[in-house]
Amino acid sequence: MRRLTLIIKPVSSNCNLRCRYCYHSEQQRMSYPHMTNEVVRELIRQTSQITSKEIYFIWHGGEPLLAGKDFYQGVISAQSCYLTNRSYRNSIQTNGTLMTDNWAEFLLENKFKIGVSLDGPSEIHDYNRIFHSGLGSFSEVIKGLSILKDKNVETGVITVISKKSLGRGKEIFNFLVENGFKRINLSPFAERDNNGFVEGSLTPKEYADFMIEVFNYWIEKDDPEIKIQNLENFFQKLIGGKALFCHSTNRCSSYLSLDSNGDVYLCGRFLGLSDFKLGNILENTLLEIMKLSVYLNIAKQVSSFAVECKECKWKKICFGGCSYYRYMNGGTLDSPYYFCSSIKTILEHMAETIKRIDSSAINL
């Protein structure tokens, strides 16, 4: 395994926000206490037994800053103890509302990569990303970002695209770039409950239209420092480069998620789904878990194609799409990707645009 990526939820799904589109239920938010020093130290010890060239620790949530600085001091201490001769890095994905000077200094000093959730201008962001009270979080996020900027902390952004974003792709792009973001991830929102798709979910066509609007403007701006990660991933794959996203590598099984009690799942999106629980690190080591039949069976399934994908000319670029959105769409990991038609439309448009710029660039 070249790289093992661990998506770790030190406070489980607990959060100080109550975003309308959050995929964690209220029950999940209250499921487990914060991760103990015992669990995190054991986790890091176990990663030292795995022979991957790189280990990525992504501290996620919920809101991971709720774990407190003492927790992350323990993380740094354990990594210094067990991973002295290994290549690893820490990233943290935060909503930004709890950022302080002390947090920014700590994250900078310890070389954490930082991603902040920001959905665009206030009227878009505040519609979905709200506190318990119902008030929007935009002003608090901007304060947090200002602190990071003042401390010279490079920050990326994850922007969730929902119904509220539609028709405003250029506006959202400009807003993010004008606020200093060069590393942007546009994440489409679609989620189902027992009554069907929840409010704000995108249709495949809506997602395609939004991304094409942004792509056209991104190309027009022609600034190589601005990396829209979804589009950059497709762009690189179209010209024969390396994949940047998990599902474009066809190695979803090298992405594991850990809940605060030590439970291990495939990817953060499957957390809490019993069919995707692989084990617990207090009962089996990660190395042992990755040899269990439950892990091997799931690894095989996420690497397989839906029937519809087998003859698709784009299959070596998307590899059947995100495993979670396959599962959400049809209840199995070999179901068609929910955004399949979106990706086909986006790739066709991107390929034609690239050909007009350089007819020899496309490498399929």
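**Exercise 1.** Does glutamate 171 count as buried, partly exposed or exposed, and at what relative accessibility?

*Solution.* This is a predicted model, in which local features need pLDDT of at least 70, side-chain atom pairs count only at pLDDT 80 or more, and totals for chains, interfaces and linings use all residues. Residues are numbered from 1 along each chain as its sequence is written, and side-chain values use heavy atoms, with hydrogens and water left out.

Step 1: buried means under 20% relative accessible area, exposed over 50%, and partly exposed in between (1.4 Å probe, protein chains only).
Step 2: glutamate 171 has 34% relative accessibility, so glutamate 171 counts as partly exposed.

**Exercise 2.** Find the salt-bridge partner of glutamate 171.

*Solution.* Step 1: a salt bridge is a side-chain nitrogen of Lys or Arg within 4 Å of a carboxyl oxygen of Asp or Glu.
Step 2: the side chain of glutamate 171 meets that of arginine 168, at 2.8 Å from N to O.
Step 3: arginine 168 is partly exposed too, at 21% relative accessibility.

**Exercise 3.** Which parts does the salt bridge between lysine 182 and glutamate 225 tie together?

*Solution.* Step 1: helices (H or I, at least four residues) and strands (E, at least two) are DSSP runs, numbered from the N terminus.
Step 2: the two side chains meet at 3.9 Å, N to O.
Step 3: lysine 182 lies in the loop between α7 and β6, and glutamate 225 in the loop between α8 and β9, so the pair ties together parts 43 residues apart in sequence.
Step 4: glutamate 225 is exposed, with a relative accessible area of 55%, while lysine 182 is partly exposed at 32%.
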